[in-house]
Amino acid sequence: MFKLSYGPVKKNNGCIAVFFHEKKVLKNFLTRDELISYEQINKDDNIFWITRSDIILFFICMAQKNNLHEMLEANRRKGHDLFLLLKKWNQKNLQIIDESHDPSFLAFVEGLFLSNYAFDHYKSKKDFCITHIHIQCTHEKGKLEELYKICESVYQTRDLVNEPPAVLSAVELSERAFKLCRKEGIKVDIFNKQKIQSLKMGGLLAVNRGSIHPPTFTILEWKPKKTKNKKPIVLVGKGIVYDTGGLNIKVGDGMTTMKCDMAGGAAVIGAILALARNKLPIHVVGLIPATDNRPGENAYAAGDIITMHNGKTVEVLNTDAEGRLILADALSYAKKYKPMLVIDLATLTGAAVRALGDYVIAAMGNASAQFFSSLEQSAFKVYERIAIQPFWDDYGELIKSSVADIKNIGGPLAGHITAGKFLEHFVSYPWIHLDIAGPAFMEKPYYYWGQGGTGVGVRLLYDFLKSLPYEYEKH
Ligand code: BES
Ligand code: ZN
Ligand code: ZN
């Protein structure tokens, strides 16, 4: 993470970026000649910069849109544009002056912070990164600190997603969660294979059978002294540290990005870290079932019938539909918390990506319209957008089995919804399922989301949990 400081900008302390709304402020910074060249270039939409003998000055004109959410996003992307320019000029010390005095400034800073991420532990030549950002603005210092802590949590989520499978086993994932969370006052409990066996988590154990590594089940709990909610919110994250497909092995290049299959689990860790770092008075529990899915000699096979944590039986017809099996056990376990709401995040289906593309989260579940509408609001606000899917019982018909209670695949149609319907068999409380298979991992750089793990879900959950009107809760 870079260093962040506040106060009036100083000379000889790095380049300066001025974020402005009204063009007239430029005359405080530019000479007459420079102003003329600004007018000539008239790059209102782009970033204008001038180099003087002692300093580089960047001028960023605030983006304007009719819609507030689109406007915030356009300014985040301006933050990303500035990052690319700083990279080009190799400027590692940045001072920013806010002359806009608009909330868009915070979005601009957010886009810049989120762009300044690199996963370069394994590279001899490190990627460009800004090392110090100094900010002069009239926004509360607390807002910037909150943003910094959220971005730090997004960085750590991305790190977990980007870590290669040979390093990040299920045990390693749980140990990293432990190290990150304990420092922030989050309680961490890690169940080992023996404990998972005693809990009869048949889904997690079945998927783990082809692996040489044991599974883990990690429980995080953020419970500050005063909380707005009496019943906890439970977050469940898919923790498949690598998905080969198992015996139904993935073909072609279907496996190349499958280290991202624990992105749901990583987002749960990141969201709880962000809540704890900002000391939000909300009781939240995180559940992360984890294993890799491999075709080892003892691997579970298509045709197997397994008994899950809640006693239901599942006919496995495809070992590549493994995420729903480990999530089902975690969702069933979540019941013991008598939760106010459960949200699960999972890179669950290729069908969600085929239906909606890379930039959207597929959302579904049985929670009230109020919960969905709050989540949708947050989703637009942080621009981790959700598309609420139909969730009619008709889809549930497609996972009926002739030899067990249900089967783990539906037909060729609406696979992301039949996967959601599968999960519904294991919930007994208000629940939202978020399929993040599309936005969790970008093969090519995508604005401030970057390349590789995006950390999607962290900012969404943070904003949702922070803004939720807790009067919804019925005691
Ligand atoms: N982890 C995958 C889903 C996935 C696909 C995540 C693309 C990220 C990007 C999941 O376990 C899977 O393999 N699902 C199968 C289910 C099918 C066998 C019913 C799929 O979507 O093809
Ligand atoms: Zn799979
Ligand atoms: Zn998977």
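The six donor atoms around the zinc ion (ligand 2) subtend angles of 71 to 169 degrees, so the arrangement there is irregular. This description concerns a predicted model.

**The two zinc sites**

The protein donors of the zinc ion (ligand 2) are Asp243 (OD), Asp320 (O), Asp320 (OD) and Glu322 (OE), at 2.0 to 2.2 Å from the ion. Along the chain, the donors of ligand 2 follow the spacing D-x76-D-x1-E.

What is the site of the zinc ion (ligand 3) like, octahedral or irregular? The site of ligand 3 is octahedral, with angles of 77 to 174 degrees among its six donor atoms. As a reference, six octahedral donors ideally stand at 90 or 180 degrees. The protein supplies Lys238 (NZ), Asp243 (OD), Asp261 (OD) and Glu322 (OE) as donors to the zinc ion (ligand 3), and these lie 2.0 to 2.4 Å from it. The spacing of the donors of ligand 3 along the chain is K-x4-D-x17-D-x60-E.

Which residue bridges the zinc ion (ligand 3) and the zinc ion (ligand 2)? Asp243 coordinates both ions, which are 3.2 Å apart.

**Ligand 1 and its surroundings**

Ligand 1 sits in the largest pocket. There are 15 residues around ligand 1, and Asp243, Lys250, Asp320, Glu322 and Gly350 come nearest. By type, the shell around ligand 1 divides into four nonpolar, four polar and seven charged residues.

Asp243, Asp320 and Glu322 each place a polar side-chain atom close to an oxygen atom of ligand 1, as the table lists.

| Residue | Partner | Distance |
|---|---|---|
| Asp243, polar side-chain atom | oxygen atom of ligand 1 | 2.9 Å |
| Asp320, polar side-chain atom | oxygen atom of ligand 1 | 2.7 Å |
| Glu322, N or O atom in the side chain | oxygen atom of ligand 1 | 2.9 Å |

On its own, ligand 1 has 520 Å² of accessible area, and the protein covers 77% of this.

**Residues shared between the sites**

Asp243 is a donor to ligand 2 and to ligand 3, and its side chain also has a polar atom 2.9 Å from an oxygen atom of ligand 1. Asp320 is among the donors of ligand 2 and is one of the residues that come nearest to ligand 1.

How values were computed
Residues are numbered from 1 along each chain as its sequence is written. Chains are lettered from A and ligands numbered from 1 in the order in which they are written. This is a predicted model: local features need pLDDT of at least 70, side-chain atom pairs count only at pLDDT 80 or more; totals for chains, interfaces and linings use all residues. Side-chain values use heavy atoms; hydrogens and water are left out. A residue is near a molecule or strand if one of its heavy atoms lies within 4 Å of it. A polar contact is a pair of N or O atoms within 3.5 Å; within protein, one must be able to donate a hydrogen and the other to accept it, and residues adjacent in sequence count only if both atoms are side-chain atoms. Accessible areas come from the Shrake-Rupley method with a 1.4 Å probe; for residues, only the protein chains shown count as cover. On a 1 Å grid over the protein atoms alone, a cavity is a set of points where a 1.4 Å probe fits but cannot get out, and a pocket is an open set with protein on both sides within 12 Å along at least five of seven lines; lining residues have an atom within 4 Å of a point. A molecule sits in a cavity or pocket if more than half of its atoms lie within 2 Å of its grid points. Ala, Val, Leu, Ile, Met, Phe, Trp, Tyr, Cys and Pro count as nonpolar, Asp, Glu, Lys and Arg as charged, and the others, Gly among them, as polar. Donors are N, O and S atoms within 2.8 Å of the metal (3.2 Å for Na, K and Ca); water is not among the atoms, so sites may look incomplete. Four donors count as tetrahedral if all angles lie between 85 and 135 degrees; four count as square planar and six as octahedral if opposite donors are over 155 degrees apart and all others between 65 and 115; anything else is irregular.
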